[in-house]
Amino acid sequence: MRYTPLLASAIAMALAAAPAIAAEPPFYGPQLEGFDYPHPVKRFEFESQQQKLSMAYMDVAPTAEPNGRTAVLLHGKNFCAATWESAIAALTGAGFRVIAPDQVGFCKSSKPRRYQFSLGQLADNTHALLQSLGITRAVVVGHSMGGMLAARYALQYPDGTGQLVLVNPIGLEDWRAEGVPWRNVDAWYAGELKTSFDGIKAYQQKVYYGGKWKPEYDRWVTMLAGMYAGPGKAAVAWDQALASDMIFNQPVVYEFPRIRVPTTLLIGQRDRTAIGRDLAPPELAEQLGDYPELGKRAARLIRNSRLVEFKDLGHSPQVEAPARFNAALLEALE
């Protein structure tokens, strides 16, 4: 059955009319059909690696007097552009134009079966999107995997990066060099196929939020789990496996001293994210993802950088405490 917006609407209506199954998470299409974003979604159609691809993005105009600046918001692996909802409101309210894309392989963008995922390629895709919009220079804000991507973007396109903001970026340590065992893409894929609402929530509660949880986080878990529960599960899981392989094998931490643009690190101190921890020996697993120390080390490595620590927040400060995060973000961009 071909998944269409009409089918997505019918599914949503059926779910709303069936209270007996209302407790079950909804399912969405392979490009997150059925899940609404806070702003209209546009599409950048382009060719990459001998195939036609579609990159979804939000392009949100300032709601206050324009300041002439553009902010590009890059999502993490377990996130989508929609997760930036409150930051978009804060930035546009301060006069910024905001571009928030979904990377190829994620959320509302194409899910190619064959694609060589690399941070360099994703940075190139993002740069091509900005060029198509006539944007030559932007503030680049990256969270989690998006932090790795933002760092790569600043390294590839320094003249196009006015400022860099890294929000609890992963890749502040080289997990493989630390001793985490390597795994192949098929193993990553097998793990992705087991993804569920309960599994996502348990992982995020333990690793992202220091064991705490708020009901409003469920929306973002449902967003992810719905893709794995829907008809595009295999395609979503495969691209996520390729992304995990990219993240594990392409550390950017060694190149931090080469970053030349003004950089701010916004680091929630309760974060303990570390890719591959599940395969690491217990004594090593315990040492990985020490963000209080990793943030300080990154600040020492990146010239012209500033470290802002949120002592009581975790991996996603923009989700956990939007008002505080947005205030710190706007201060960093002054």
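Helix H3 covers residues 119–132 of this predicted model. At 1.5 Å a residue, its 14 residues should span 20 Å, and because the C-alpha atoms at its ends are 20 Å apart, the expected and the modelled span agree. Gly134, just after H3, adopts a positive phi of about 75°.

The buried residues of H3 are Leu119, Gln121, Leu122, Ala123, Asn125, Thr126, His127, Leu129 and Leu130. They pack against four strands and two helices, listed below.

| Element packed against buried residues of H3 | Residues |
|---|---|
| Strand E1 | 42–47 |
| Strand E2 | 52–60 |
| Strand E3 | 70–74 |
| Strand E4 | 97–101 |
| Helix H4 | 145–156 |
| Helix H9 | 233–249 |

The largest nonpolar core contains 112 residues, of which Leu32, Tyr37, Trp175, Phe256, Leu266 and Leu329 touch the most other members. Helix H9 gives the most to this core, with 9 residues. Leu329 touches Ala87, Leu91, Val141, Val165 and Leu266, residues up to four places away in sequence not being counted.

The structure also holds 1 disulfide. Cys80 and Cys107 form this link, with their sulfur atoms 2.0 Å apart. Cys80 lies in the loop between E3 and helix H2 (85–93), and Cys107 lies in the loop between E4 and H3, so the pair ties together parts that are 27 residues apart in sequence. The link of Cys80 and Cys107 is left-handed, with -85° about the S-S bond. Both Cys80 and Cys107 are buried.

Definitions and conventions. Residues are numbered from 1 along each chain as its sequence is written. This is a predicted model: local features need pLDDT of at least 70, side-chain atom pairs count only at pLDDT 80 or more; totals for chains, interfaces and linings use all residues. Side-chain values use heavy atoms; hydrogens and water are left out. The expected span of a helix is 1.5 Å times one less than its number of residues. Buried means under 20% relative accessible area, exposed over 50%, partly exposed in between (1.4 Å probe, protein chains only). Contact means heavy atoms within 4.5 Å. A nonpolar core is a set of buried Ala, Val, Leu, Ile, Met, Phe, Trp, Tyr and Cys residues joined through side-chain atoms within 4.5 Å. A disulfide is a pair of cysteine sulfur atoms within 2.5 Å.
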